[in-house]
Amino acid sequence: MTREVAVLRLGHRPERDQRVTTHVGLTARALGARRMFLAADDRGVVASIEDVVERWGGGFEAENGVKWRRCIADWKAEGGTVVHLTMYGLNLPDVIDEIRPRERVLVVVGAEKVPGEVYDLADFNVAVTNQPHSEIAGLAVFLDRLFEGRELGASFPGARIRIIPSAHGKFAEGPSEGT
Ligand code: SAM
């Protein structure tokens with residue numbers, strides 16, 4: 001069963017992708033990944049994610065300025081599996097049972113056009129449907145299928161803010177979140 005998931009974010013353009021890349025990181029964190037590697041230099045994105053981790057807990061790490069070829073090579077050298085999310089890949093339901101037993105999974109998501117080399121370096125090119133959509137949606141569905149929904153019940157140790165789930169209204173413990 002998969003124990004460790006990291007996300008490698010490719011193609012980030014600081015002038016237009018900050019919000020989406022931040023949401024890639026927050027989605028990765030909320031749905032059970034441990035780390036995000038950002039293959040670009042954008043300390044602001046990493047700082048935003050670290051700010052959420054500091055207030056909402058858990059041990060998620062975000063790393064700025066990662067060299068993507070080195071990241072993939074190191075992950076594979078350490079016995080990890082590389083999964084590239086792309087609409088051109090094999091559809092998720094057809095491959096997820098083969099991926100789930102892998103202990104360490106690096107999920108690669110793009111922004112604009114992903115270098116062709118990535119398709120060869122990946123152990124699995126996986127489509128979340130063969131229709132174009134978004135890296136955030138693809139990542140969320142992939143993680144949920146990988147963890148079979150168990151990530152939805154995860155706790156986040158060290159949280160300063162904690163939601164008190166309720167059918168109506170907004171209740172939380174800790175400093176005001178301003179939402
Ligand atoms: N046109 C780009 C290309 O050919 O690589 C894709 C751009 S898309 C907005 C950004 C990212 O979303 C892709 O790199 C991929 O990781 C993810 N993505 C989009 N549609 C997907 C799908 N159907 N299945 C899996 N991932 C998808």
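Let me start with strand E6, where Phe124 and Val126 point one way while Asn125 and Ala127 point the other, and all of these residues are buried. I should state at once that this is a predicted model. E6 pairs with E4 in the parallel sense, and five bridges connect the two. One position to locate on the screen is Leu85, whose bridge partner in E6 is Val126. Please keep Leu85 in mind, as I shall return to that residue with the ligand.

Where does E6 belong in the sheet as a whole? Six strands make up an open sheet with parallel pairing, and their order is E3-E2-E1-E5-E4-E6. E6 is thus listed at one end, and the edge strands are E6 and E3, the latter spanning 61-63; each of them pairs on one side only. On average, neighbouring strands of this sheet are turned by 30° against each other, with direction ignored. At the E3 side, strand E2, residues 35-38, runs parallel to E3 and is joined to E3 by three bridges. Within that pair, Met36 has Ala62 of E3 as its bridge partner.

I now move to strand E5, residues 104-109. Why may we describe E5 as largely enclosed by the rest of the structure? Six of its six residues are buried, so the description follows directly. The side chains divide between two directions: Arg104, Leu106 and Val108 point one way from E5, whereas Val105, Val107 and Val109 point the other way, and all are buried. Please note that Arg104 is among these buried residues.

E5 has a partner on each side in the strand order. With strand E1, residues 4-9, E5 pairs in the parallel sense over six bridges. With strand E4, residues 81-91, E5 also pairs in the parallel sense, here over four bridges. Val108 is a convenient reference point for both pairings: Leu8 stands opposite Val108, and Val108 is also the bridge partner of His84. Between E4 and E5 the chain passes through helix H4, residues 92-99, and this β-α-β crossover is right-handed.

Let us turn to the ligand. Which residues lie closest to the ligand? Of the 18 residues that surround the ligand, the closest are Leu85, Gly110, Val128, Thr129 and Gln131. Three of these names recur in contacts made by the backbone. For Leu85, a backbone N or O atom lies 2.6 Å from an oxygen atom of the ligand. For Gly110, a backbone N or O atom is 3.1 Å from an oxygen atom of the ligand. For Val128, the atom on the ligand side is a nitrogen, and a backbone N or O atom of Val128 lies 2.9 Å from that nitrogen. On its own the ligand has 570 Å² of accessible area, and the protein covers 81% of that area.

Finally, a word on backbone geometry. Most residues other than glycine have a negative phi. Thr129, one of the residues closest to the ligand, has a positive phi of about 70° although it is not a glycine. Thr129 sits in the loop between strand E6, 124-127, and helix H6, 135-147. Is Thr129 buried, exposed or partly exposed? Its relative accessible area is 38%, so Thr129 counts as partly exposed. A second case is Glu148, which is not a glycine either and has a positive phi of about 55°. Glu148 is found in the loop between H6 and strand E7, 162-163.

Definitions and conventions. Residues numbered from 1 in each chain as written. Predicted model: local features only at pLDDT ≥ 70, side-chain atom pairs only at ≥ 80, totals over all residues. Heavy atoms only, no water. Buried < 20%, exposed > 50% of the residue type's maximum accessible area, 1.4 Å probe, protein only. Pairing = 2+ DSSP bridges. Right-handed = clockwise from strand over helix to strand, strands pointing away. Near = heavy atom within 4 Å. Polar contact = N/O pair within 3.5 Å; in protein donor to acceptor, adjacent residues only side chain to side chain. Areas by Shrake-Rupley, 256 points an atom, 1.4 Å probe, with all protein chains shown as cover. Axes fitted to C-alpha atoms, helices over the stretch in contact; angles between N-to-C directions.
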